[in-house]
Each structure stands twice: as C-alpha cells, then as structure tokens.
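User: I am new to this structure and would like to understand the reasoning behind the terms applied to it. Please take me through it step by step.

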Amino acid sequence: MREFPLTLSQFIIRSQAASQGATGEFSTLLTQIGLVGKLIAHDLRRAGLIPILGTTGATNVQGEAVKKLDEIANDDFVKVFRHSGCVCAVASEEMERPIMLPENWPQGKYLLLFDPLDGSSNTDTNMPLGAIFSVFKHGQTDRLPEEQDLLRPGTQQLAAGYLLYGSSTMLVFTVGQGVYGFTLDPDTGEYLLSHERIMMPDRGKVYAANEGNVHRWPSGVKKYIDSLKVPDKAKGRPYSARYSGCLVADVHRLLLSGGVYLYPGEVDKPEGKLRLLYEANPLAFVVEQAGGKASTGTTRILEIEPKTLHQRVPLIIGSRLDVEEAEAFVQGKA
Ligand code: AHG
Ligand code: MN
Ligand code: MN
C-alpha cells in the first residue's frame, strides 16, 4: 500500500496515547494553531488581490506602525482561541493587555502567548512571514489567571512553535519531546508530517543579522561578525550572510541547515528589539529541543525571569557551537 505521511491530528492522537497525563484539550490547542495558520495562509495567497496590504494608520504597544495583516492575524488568533475552549488567557505582541477568557475556564487550563505576524516589514513584497506561539499551563485551579501569571520563564513552557508562510505553509512545534514539522497540503487542507525529529547541525555556515545596524552594535558583536568573514578552511569560513527580515524564516533555515541569528542589544538600546515572551522564548524552546542554543550573549534565554509582558531581549540563537562562540566574543573572552 502507498505510504502516506501522518496528519497533524493523527500525530497528536498517537503522541497523546504515548504521553501520560496528556489531555484532549492540549491536542485541541495544537489543532487550533493549525487552523489559525490555514486562515492566515488563505489570506496571504490572495495578497495583492484583496485589500490586506499596507498599514492601518495605528501604532502598536511596541511603538511600531500596525500593518493591516498584523491586525488580521491577531484577530484570527483571538477569535479562534476564544471559541476553542482550551485556553483561559491570550497575550499578544499586538495587544497592550492580555485578554482573559472566563467563558473557557476552568476547562481551559492553558495560557497562550503569540506574535501573530512575524516579519511584518515583508508583507507588501511577497516575502516570507510567520507567527510564533508559546504555551504555559495556568497553575491555579481556584481562580482565573491575572496578567502576573503570564510572566513565567521559558523553561516552564509546555509547548512552543511557529507557523511559516513561505513557498509552502508549515507548522513546526515542540511539546518538549523533539521538534516536528508539518507542511500544509493545499489540496486536502491537512498538515502532513514532513520533518520528523528535527536536529540541527552543531555548526553552520550561515549568519543572519541586520548588518545595517553595525555602528550601533557593542564591540564584541562587531568582532564576532568580522571573524565569520575571515577565510579559515578548518572552520568553514567565510560564512554566508542570509537575512530575510522575518525571524521565523531565518530560524527555520538554521533549524534545517545550521548557523546563527543575532539581534543584539545596541549601544543606545541594550535591551535589543525582539520580545522575550512572544519571540525569543518560544523559538529558544524549539531550537534547544533541536540541539541548538539561545542566549542573550550572557544568559540562557529560557532562564530569564520576565518582569513585563512586552519585555525585549537581545537574542543570539542557532547552532550550539556558533552560539557558544558568539557568547565568548560578547563576554570579551575571544
Ligand atoms: P515583527 O514583524 O513581529 O515586529 O518582528 C520583526 C522582527 C523579526 O521578525 C526580524 O528578524 C526583525 O524584527 C527585523 O528587524 P529589522 O528590520 O530591524 O532588521
Ligand atoms: Mn516578530
Ligand atoms: Mn509581529
């Protein structure tokens, strides 16, 4: 008989049967992420034909111009999860405050944090986009969550992953037992298991960073990037530069073929640009599960105790040996 890859639901049912204490609710959650991906991918396939490009005229809590697609993607996440019954709070890069969902509680035990559209500067030019999500369990059984309950270190994540809208649409995630990638089959509307137990190489040949910012970078980061350009056969240098403007797409490349992504702190902005709860934590969980590392340069991303919902963090993420080398430069040890 013809081999057919597992669908997302088949995979979830199998893993649920294999993992003690797994509830149907958690499976619903992953299926609903898949649904959000289908809704957004459906719109993106028509971008340029339907009025979804450009900005809304508003500025978000991050101080950034809101793209129409940021808003559409955020609304899709909120609508789907409001009806899902499985989460009791959602927090998003695009919303100043989280939304509590008393209608889903106490059945819905999970807290969902997301970046609904990643790489939004790519929207109008048909370049890759993504979405990133992070899942925690609401520990309290006697009350609804409060904003404070969402401020948890990444080590406590139960699941995390991303949707990538590239030449195909993918859902890549971990529940702490390896990283799995599913590709959306546009004909059947099913996500099919296409990348099983992704492990990234210990070292890559690619670096991803917005080098236009070089004059604002600390000297350790400058020296590290310079070192990657010096020919050295043994170390596979020079590295190639590949930067898409979409963190999800860049991290996806690293996950499959290795290398390093950097969005460092800057001299006048030591906290950097990327958001700890919506971007760095979930991608750090995925990358660590694939054998890689994620660091601020001095601290493991997953161990940071968040103080605020929209906290930013410098990020160095990718292959283990590449990240360790970057850390040595940042810390002045190389
Ligand atoms: P978002 O679209 O969610 O605001 O994230 C954009 C992020 C990330 O995807 C990307 O790597 C980086 O910001 C690009 O920033 P620069 O344009 O400053 O390079
Ligand atoms: Mn983003
Ligand atoms: Mn975003």
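User: How many residues of domain 1 are in contact with domain 2?

Analyst: The model is a predicted one. In it, 48 residues of domain 1 are in contact with 32 residues of domain 2. The two parts come from the domain assignment of the chain, which gives 8-195 as domain 1 and 206-330 as domain 2. Their C-alpha centres lie 23 Å apart.

User: What makes up the area buried between domain 1 and domain 2?

Analyst: About 2900 Å² is buried between the two domains, and carbon and sulfur atoms account for 65% of it. On the side of domain 1, Ile-132, Leu-151 and Tyr-162 supply 20% of the area buried against domain 2, more than any other three residues.

User: Why is the pairing of Glu-93 and Arg-275 called a salt bridge?

Analyst: The side chains meet at 3.6 Å, N to O. The term requires a side-chain nitrogen of Lys or Arg within 4 Å of a carboxyl oxygen of Asp or Glu. The value of 3.6 Å satisfies that cut-off, so the pair is called a salt bridge. Across the interface of domain 1 and domain 2, two salt bridges are found, together with 15 residue pairs in polar contact.

User: Which strands supply at least two residues each of the side of domain 1 that touches domain 2, and how do these residues divide by character?

Analyst: The strands are strand 3 (87-92), strand 5 (110-118), strand 6 (129-137), strand 7 (159-165) and strand 8 (169-174). The residues of this side of domain 1 comprise 25 nonpolar, 16 polar and seven charged.

User: What makes Glu-93, Asp-115 and Leu-117 donors of the manganese ion (ligand 3)?

Analyst: Glu-93 (OE), Asp-115 (OD) and Leu-117 (O) lie 2.2 Å from the ion. A donor must be an N, O or S atom within 2.8 Å of such a metal, and therefore these atoms qualify. Their spacing in sequence is E-x21-D-x1-L. Glu-93 is in the loop between strand 3 and strand 4 (99-100), whereas Leu-117 is in strand 5, 24 residues apart.

User: How do you know which residues are donors of the manganese ion (ligand 2)?

Analyst: The protein donors are Asp-115 (OD), Asp-118 (OD) and Glu-279 (OE), at 1.8 to 2.1 Å from the ion. These distances meet the cut-off of within 2.8 Å, so the three residues count as donors. Along the chain they follow the spacing D-x2-D-x160-E. Asp-115 lies in strand 5 and Glu-279 in helix 6 (residues 276-289), so this pair ties together parts 164 residues apart in sequence.

User: Why is Asp-115 said to bridge two manganese ions?

Analyst: Asp-115 is among the donors of ligand 3 and also among those of ligand 2. It is therefore described as bridging the two ions, which lie 3.7 Å apart.

User: Which peptide bonds are cis, and where are their prolines found?

Analyst: The bond from Trp-105 to Pro-106 is cis, with omega near 15°, and Pro-106 is in the loop between strand 4 and strand 5. The bond from Arg-237 to Pro-238 is also cis, with omega near 10°. Pro-238 is found in the loop between helix 4 (219-229) and strand 12 (240-241). Most peptide bonds are trans.

User: What makes Asn-126 worth naming for its phi?

Analyst: Phi of Asn-126 is near 55°, a positive value in a residue other than glycine. Most residues other than glycine have a negative phi. Asn-126 is placed in the loop between strand 5 and strand 6.

Terms used:
Residues are numbered from 1 along each chain as its sequence is written. Chains are lettered from A and ligands numbered from 1 in the order in which they are written. This is a predicted model: local features need pLDDT of at least 70, side-chain atom pairs count only at pLDDT 80 or more; totals for chains, interfaces and linings use all residues. Side-chain values use heavy atoms; hydrogens and water are left out. Domain bounds come from an automatic or database domain assignment. Contact means heavy atoms within 4.5 Å. Buried area is the accessible area (1.4 Å probe) that two parts lose on being put together, summed over both. A polar contact is a pair of N or O atoms within 3.5 Å; within protein, one must be able to donate a hydrogen and the other to accept it, and residues adjacent in sequence count only if both atoms are side-chain atoms. Helices (H or I, at least four residues) and strands (E, at least two) are DSSP runs, numbered from the N terminus. Ala, Val, Leu, Ile, Met, Phe, Trp, Tyr, Cys and Pro count as nonpolar, Asp, Glu, Lys and Arg as charged, and the others, Gly among them, as polar. Donors are N, O and S atoms within 2.8 Å of the metal (3.2 Å for Na, K and Ca); water is not among the atoms, so sites may look incomplete.
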